[in-house]
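Let's take a friendly walk through a protein model, one region at a time. Keep the picture at hand as you read.

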Amino acid sequence: MHAGLLILGANTAGLSAALEARRRDSRLEITVLEASHAASWSNCDLPYNLGDPQRQAEDLLLRDPAFFAERGIRILFQHRVARLDASARTVEGLRERSHPFSLNYDRLVIASGARPRRLDSLPEGVPALRSIEELRQLKQALARSTRIALIGAGSVALEVVDALAGSGRKILLLEQGARPLSDWPSFVGDAFANALATAGCDYRPRTALREARRTAEGWLLHTSDGDTQRSGALVHCAGILPATDFLPSGVLRQDERGALVVNDEQATSLPGIWAAGDCCCRVLPRGEGLLWNPQALDARRAGRVAGANAAADAGLKTPLPQATMILKALGLEAARCGRFDSPLEMKDGLWSERPPESKVAREGSGLLGAQLPAVSAPSPAGASGRLAWQGNYPLSGHVGDTRRLRLRLEARQDGQLRGGALLCQGEGALRINALVALLGAGLGLQELEALDLAYTPRLGPAVDPLIQAARRLLRELQAGQGNSAGKDTQE
Ligand SMILES: Cc1cc2nc3c(=O)[nH]c(=O)nc-3n(C[C@H](O)[C@H](O)[C@H](O)COP(=O)(O)OP(=O)(O)OC[C@H]3O[C@@H](n4cnc5c(N)ncnc54)[C@H](O)[C@@H]3O)c2cc1C
C-alpha cells in the first residue's frame, strides 16, 4: 500500500509529470505504473526504426530507468491498471499479466496515452506500432518475410511505407475511405495517394479488411474487393482512441471518444486527479467545443503542468495547442494547424459549408480507416462568416521549377485566422510555424500579410505563399464578398 503521487503511464506525459513533480517537491513519494516492459521511448521514430534493419528496437529508448531511480521516481513495469476507485483513492490491476495489485494514492496523474481502436476484422494483439514490444514483434516478422500489410492510411502508415520504400518489400495498404489522411484537406490526401502508387505500394482505397487469419507463415487477409492476400507482418494503423477504458464510466468527465476533459491546469472533473497527453482533451474558449490533440509536444508540456500542479498546487497552465501537425514522407511534406472541424467544400467554383461534424467515429469495422476529427464538437459561431482560400504557388523562386506548394488558409469574417494547411512537392512545410505563432497570439490576416518572412530563391518565391494567400483573403474581405465563400483560383 502506497500513498503520495501516483502516475499512470511511463512515457511522454507521465514522465514529464514525474520529473516536474520531483523538481517541485524533493521529498514527495512518486510512483509511476507502466503496463509495458519499457519507459521513456520515442514513439515518433518507431516507423523509421522499423524500416532500418541495422537499428535495434532499444535505440528508441531516451532515458534509462536508472535516471528516474536516481531522482527517487519509482517506475513499476508490467503493472497494468484495470480499475480506478476514485472515492477510495485506489487503483487496481495486474502485474505481469496475472498477479493482482492494489495501490493507494493521495494525488493521481493519468497519462495512459492512446490505444488502437478495436476493429471487428482484426484479432486482438495485432501490433499498432505504438510500443517497443510491438516494434520488436514487427521487426522479427519482417526478418522472416518480405511482405507487410498496413490497415488504414493515416500518417503512421505513410511513414512506414516511406521507411520501407526501396527495401524491396511488398507493401499492401488498405484504406476504407476514398483517400489517405482523411482528416486533412482532400488535396493533401490526393497527393499522398499518387505518391503511394509511385513508391510501388499496393495501395487500395475504398477497400476494407474483412478478415485476418493467423497462419504458420504470418497472415491470410480477406479484403472487401474479394481478394485474398498473404502477409508476414500486419500493422493496425486504422486510428486511435484515448486509453481510458479502465476508468469507471460516469465518474470523471469524458468526451464521446473517452478522452478525459481537463482544464488549462490539467485538472479533471474530480479533485485530486489530473490528466495529460493523448488520454485527455481540452475545453476550447467561447464554447467552441473540445480539442483532442494527440501530439508529442503537447503531451510533454501538459505532463509538466500536471506534475507541477499535482505535487505543489503550482497553478501552472498549459497553453492551448494550435493542433499543429507535420508530415514528411514519399517526397512530400504536409503541415496543418488550427480548425478544420467543419470543412468547406468546393462546388461550382465556390466554397460552401458542409454540415458541421458532430459525429465522432467509434469502434467497429464500419469505420476502418476513418480518422477521428481533432475537434469533437462544432463551433456554434463557425457555421457563418468563414473564408477559405486555396492557392497553388511555385515551391521555389527559380524560374522553371515546376514543383508546387499548395496552400489553404482559413479566416473569420473579422480577419482573425482559423487555420491553414499546406502541401509541398519537396521541402517547405515548416513555414506552418509562422501561422502557428499568429494563431497562438490570436492575430489575423493583416498581421500575416505584414510579416517579414524570409526569402531566398532556393526556398520559396519572393513573396511567400502565406503572404500572397493573406492578401487574397484580405481583398475578399475588403470587397465584402466574403460571405462564407472564396474562389479557388491561382496566383
Ligand atoms: C508511430 C507514431 C508516430 C508519431 N509521430 C509523431 C510526430 O511525428 N509528431 C508528434 O507530435 N507526435 C507523434 N506521435 C504522437 C506522440 O508520440 C504522442 O502524442 C505522445 O507520445 C503521447 O504521449 P502520452 O504520454 O500521452 O502517451 P504514450 O507516449 O503513448 O504513453 C502512455 C503510456 O501509458 C502506458 N499505459 C497505457 N495504459 C496503461 C494502463 N492501463 N496501466 C499502466 N500503464 C498504461 C502505456 O504503456 C504507455 O507507456 C506519434 C505516435 C506514434 C505511435
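## Around the ligand

The residues of the shell around the ligand divide into 19 nonpolar, 10 polar and four charged. Of the 33 residues around the ligand, the nearest are Gly9, Asn11, Asn43, Gly113 and Gly277.

Which helices and strands help to build this shell? At least two residues each come from helix α1 (12–24), helix α2 (46–50), strand β4 (79–85) and helix α7 (296–312). Try finding these four on the picture.

## How far to trust the model

Keep in mind that this model is predicted. The protein chain has an average pLDDT of 89, and 88% of the residues score at least 70. Over residues 341–384, however, the pLDDT is below 50, although the model gives this stretch 105 contacts beyond near neighbours in sequence. Residues 482–491 also stay under 50, and here the model has 28 contacts beyond four places in sequence. Where pLDDT is low, the predicted coordinates should not be read in detail.

## A sheet of five strands

Now look for an open sheet made of five strands, in the order β21-β22-β27-β26-β25, with antiparallel pairing. Its edge strands are β21 (325–329) and β25 (386–394), each of which pairs on one side only. On average, neighbouring strands of the sheet are turned by 10° against each other, direction ignored. As a reminder from class, strands of a sheet pair through backbone hydrogen bonds, either parallel or antiparallel.

Let's cross the sheet step by step. Strand β21 is joined by five bridges to β22 (residues 332–338), and the two run antiparallel. Met325 has Arg336 in β22 as its bridge partner. Arg336 also stands opposite Ala421 in β27. Six bridges link β22 with β27, again antiparallel.

## Strand β27 and its hairpin

How many residues of strand β27 (residues 417–424) are buried? Eight of its eight residues are, and the strand is described as mostly covered. Strand β26 (residues 404–412) is joined to β27 by seven bridges, and these strands run antiparallel. One bridge pair here is Arg406 with Leu423 of β27. Together β26 and β27 form a hairpin with four residues between them. In the turn sits Gly415, with a positive phi of about 90°.

## A covered helix

Helix α5 (residues 155–164) is mostly covered, with nine of its 10 residues buried. The buried residues include Val156, Leu158, Val160 and Leu164, and also Glu159 and Asp162.

What do the buried residues of α5 pack against? Their partners are α2, β9 (147–151), β10 (170–174), α6 (186–198), β15 (233–236) and β21. You have met two of these before: α2 supplies residues to the ligand shell, and β21 is an edge strand of the sheet. Just after α5, Gly166 takes a positive phi of about 85°.

## An exposed histidine

For a last stop, find His37 in the loop between β2 (30–33) and α2. Is His37 buried or exposed? His37 counts as exposed because it has 12 C-beta neighbours inside 10 Å.

His37 still has partners from elsewhere in the chain: leaving aside neighbours within four places in sequence, it is in contact with Phe77, Gln78 and Glu133. Although His37 and Phe77 are 40 residues apart along the chain, their C-alpha atoms are separated by 5.5 Å.

Notes: Residues are numbered from 1 along each chain as its sequence is written. This is a predicted model: local features need pLDDT of at least 70, side-chain atom pairs count only at pLDDT 80 or more; totals for chains, interfaces and linings use all residues. pLDDT is the predictor's confidence in each residue, from 0 to 100. Two residues are in contact if their C-beta atoms, placed from the backbone, lie within 7 Å. Two strands pair if DSSP finds at least two bridges between them. Axes are lines fitted to C-alpha atoms, for helices over the stretch in contact, and angles run from 0 to 180 degrees between N-to-C directions. A residue is near a molecule or strand if its C-beta atom, placed from the backbone, lies within 6 Å of it. Ala, Val, Leu, Ile, Met, Phe, Trp, Tyr, Cys and Pro count as nonpolar, Asp, Glu, Lys and Arg as charged, and the others, Gly among them, as polar. A residue is buried if 20 or more other C-beta atoms lie within 10 Å of its own, exposed if 12 or fewer, and partly exposed in between; C-beta atoms are placed from the backbone.
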